[in-house]
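Dear colleague,

Please find below the structure that I am handing over to you, with its sequence. My notes on what was found in it follow directly after.

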Amino acid sequence: MNDENQPSKTQRKKQMTDLQDLGAELVELNEERLASLALPESLLDAVMEARRMTKFEARRRQLQYVGKLMRHVDSGPIRARLDSWQSVSREHIALLHRIERWRERLLAEDAAFAQFVSEYPQADAQQLRALVRNTQRERETGKPPKNYRAMFQLLREVMEKARGERDSPPSV
């Protein structure tokens, strides 16, 4: 009765649930990204309708319908595009965490300044040193963190520029 080439009922249910989850991710996308996916009109209409729904049960049923429509669409390219957007977001978050760690190290350790300048030679050492000094003074006197924020901005500019130079292909 059970054909060798046919997936089991459990596997089919998992595939349907995965497609429904993918549809739910589509509902959460902004207009620009949703438009760039070039979805079939019926699927796009169902996704837009799910966005408008606020009642839990109605939204759940609409997401099931979106999942049903997803069965007739090649989900591979959609999944790949969503994954690429998420990886860019993860990279950006990782960069912000690195900046934050560097800022805290620069404020806590004297040796961190020399290490940062050696890793990022394009950094304006004089400006950075002044920001570190002013931030430490701000913390001691309890003033608003103006220099603390300026230090973050400077570190971000330097580190993003260095990342851009590292990622760009070498000129021949």
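I begin with a residue towards the end of the helices discussed here: E138 is placed in helix α7, which runs over residues 125-141. Please bear in mind throughout that this is a predicted model.

E138 is buried and yet takes part in no salt bridge. Which side chain of opposite charge is nearest to E138, and how far away is it? It is K146, at 6.8 Å, whereas a salt bridge would require a nitrogen within 4 Å of a carboxyl oxygen. Apart from neighbours within four places in sequence, E138 has contacts with K143, P144, P145, K146, N147 and Y148. K146 is thus listed among the contacts of E138, although no salt bridge is formed by E138.

A second buried residue is L34, in helix α2 (residues 31-36). L34 counts as buried because its relative accessibility is 3%, and the limit for a buried residue is under 20%. Once residues up to four places away in sequence are set aside, L34 touches L26, L29, L39, L44, V47, M48 and R51. With V88 the separation is 54 residues in sequence and 17 Å in space, taken from C-alpha to C-alpha.

R51, one of the residues that L34 touches, also forms a salt bridge. Its side chain meets that of E31 at 2.7 Å, N to O. This pair links distant parts of the chain, since E31 belongs to helix α2 and R51 to helix α3, with their positions 20 residues apart in sequence. Both partners count as partly exposed: E31 has a relative accessibility of 49%, and R51 has one of 23%.

Helix α4 may be of interest for its geometry. Its 15 residues (56-70) should span 21 Å at 1.5 Å a residue, and the C-alpha atoms at its ends are indeed 21 Å apart, so the expected and modelled spans agree. Which residues of α4 are buried? They are Q62, L63, V66, G67, L69 and M70. Viewed down the axis of α4, these buried residues fall within an arc of 160°, and they therefore line one face of the helix. Among the elements that cover them are α1 (9-28), α3 (41-52) and α5 (75-108).

Helix α4 also holds a salt bridge of its own, between the side chains of E57 and R60, at 2.3 Å, N to O. These two residues are three apart in the helix, about one turn. E57 is partly exposed, with a relative accessible area of 35%, and R60 is likewise partly exposed, at 31%.

In total, the model contains 12 salt bridges. Another of the pairs joins the side chains of R105 and E109, at 3.6 Å, N to O. R105 is partly exposed at 25% relative accessibility, and E109 is partly exposed at 36%. In addition, E25, R79 and D83 are joined into one network by salt bridges that share partners.

I turn lastly to the aromatic residues. How many aromatic pairs does the count come to? There are two. In one, the ring centres of W102 and F116 are 5.0 Å apart and the planes stand at 75°, so the pair is edge-to-face; the limit for that class is over 60 degrees. W102 is in helix α5 and F116 in helix α6 (residues 111-119), so this pair ties together parts that lie 14 residues apart in sequence. Both W102 and F116 are buried. In the other pair, the ring centres of F116 and Y120 are 4.8 Å apart with planes at 35°, so the arrangement is tilted.

F116 is buried with a relative accessible area of 0%, and Y120 also counts as buried, at 11% relative accessibility. Through these ring pairs, W102, F116 and Y120 are linked into a cluster.

With kind regards

Technical notes
Residues numbered from 1 in each chain as written. Predicted model: local features only at pLDDT ≥ 70, side-chain atom pairs only at ≥ 80, totals over all residues. Heavy atoms only, no water. Helix = DSSP H or I, 4+ residues; strand = E, 2+ residues; numbered from the N terminus. Buried < 20%, exposed > 50% of the residue type's maximum accessible area, 1.4 Å probe, protein only. Contact = heavy atoms within 4.5 Å. Lys, Arg positive; Asp, Glu negative; His and termini not counted. Expected span 1.5 Å × (residues − 1). Arc of directions from axis to C-beta. Phe/Tyr/Trp six-rings, centres within 6.5 Å; stacked < 30°, edge-to-face > 60°.
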